[in-house]
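Please look at the sequence and the structure below. The paragraphs after them go through the chain part by part.

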Amino acid sequence: MASVDGLKVAVVDDDMLLSTLLSDKFKSGGAIVKTGHSCTEGIALVNEFQPDIAVVDLMMPDRSGFELVRDVQKAGVAHPFFVILTDSINASQVAEAIETGVTTYLQKAEHNPEDIVKIVGERYVGSKPRNI
């Protein structure tokens, strides 16, 4: 399993239980974690905290996770490795994820928090250029 040790991770999800479980799993892997529970909180969090990885719920009460990604990109701060969590996957959402630069798109029902941390760590490490 790829390590998240020392990485800054933002978890943005209106589901308090899931965000706590994810936060705890990332912390147990050595990550520095901050959480937000709405799109508005998430935008401020990502812009201020400037995480390496941002795990964002797609459907939140105030706005979508895609809107969060676009707003962060417009702000001009360093873009984190974006991961979208969703309850269901459809073709238009996948297309929008690609269009907005989302790096990983995971269905919540198919992955427990430990699996999500493992997948995110592996894909984050795999996305970084390697010195040869």
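Threonine 20 has its place in helix H1; helices (H or I, at least four residues) and strands (E, at least two) are DSSP runs, numbered from the N terminus. With a relative accessible area of 42%, threonine 20 is partly exposed, where buried means under 20% relative accessible area, exposed over 50% and partly exposed in between (1.4 Å probe, protein chains only). Its C-alpha atom is separated by 20 Å from that of glutamate 48, and the two residues are 28 apart along the chain.

This is a predicted model, in which local features need pLDDT of at least 70 and side-chain atom pairs count only at pLDDT 80 or more, while totals for chains, interfaces and linings use all residues. Residues are numbered from 1 along each chain as its sequence is written, and side-chain values use heavy atoms, with hydrogens and water left out.

Before helix H1 (16-28) comes a loop that follows strand S1 (8-12), and aspartate 14 is found in this loop. Aspartate 14 counts as partly exposed, at 32% relative accessibility. What is aspartate 14 in contact with, leaving aside its neighbours within four places in sequence? The residues are His37, Asp57, Met59, Met60 and Pro61, contact meaning heavy atoms within 4.5 Å. For methionine 60, 46 residues away along the chain, the C-alpha separation from aspartate 14 is 6.0 Å.

Methionine 59 lies in the loop between strand S3 (53-57) and H3. Methionine 59 is exposed, at 56% relative accessibility. From C-alpha to C-alpha, methionine 59 is 8.5 Å from aspartate 13, with their positions 46 residues apart in sequence.

The loop between H2 and S3 holds glutamine 50. Most residues other than glycine have a negative phi. Glutamine 50 is not a glycine, yet its phi is positive, about 50°. Its relative accessibility is 39%, so glutamine 50 counts as partly exposed.

Next come the helix contacts. Helix H2 (residues 39-49) packs with helix H3 (residues 65-75) at an angle of about 35°, and their axes are 10 Å apart. Axes are lines fitted to C-alpha atoms, for helices over the stretch in contact, and angles run from 0 to 180 degrees between N-to-C directions. On the H2 side the contact is made by Cys39, Gly42, Ile43, Val46 and Asn47, and on the H3 side by Glu67, Leu68, Asp71, Val72 and Ala75. By class, six of these residues are nonpolar, two polar and two charged; Ala, Val, Leu, Ile, Met, Phe, Trp, Tyr, Cys and Pro count as nonpolar, Asp, Glu, Lys and Arg as charged, and the others, Gly among them, as polar.

H3 also meets helix H4 (residues 91-100), where the axes come within 10 Å and cross at roughly 10°. H3 and H4 are therefore roughly parallel to each other, a term for angles under 35 degrees. Phe66, Val69, Arg70 and Gln73 of H3 meet Gln93, Glu96, Ala97 and Thr100 of H4. This contact has three nonpolar, three polar and two charged residues.

The structure holds one aromatic pair. The ring centres of phenylalanine 81 and tyrosine 124 are 5.5 Å apart and the planes stand at 85°, so the pair is edge-to-face; rings of Phe, Tyr and Trp (its six-membered ring) pair if their centres lie within 6.5 Å, and planes over 60 degrees apart count as edge-to-face. Phenylalanine 81 is in strand S4 (residues 81-86) and tyrosine 124 in helix H5 (residues 113-127), so the pair ties together parts that are 43 residues apart in sequence. Phenylalanine 81 is buried, at 6% relative accessible area, and tyrosine 124 counts as buried at 11% relative accessibility.

Note on methods: Angles under 35 degrees count as roughly parallel, over 145 as roughly antiparallel, 65 to 115 as roughly perpendicular and the rest as oblique. Rings of Phe, Tyr and Trp (its six-membered ring) pair if their centres lie within 6.5 Å; planes under 30 degrees apart count as stacked, over 60 as edge-to-face and the rest as tilted.
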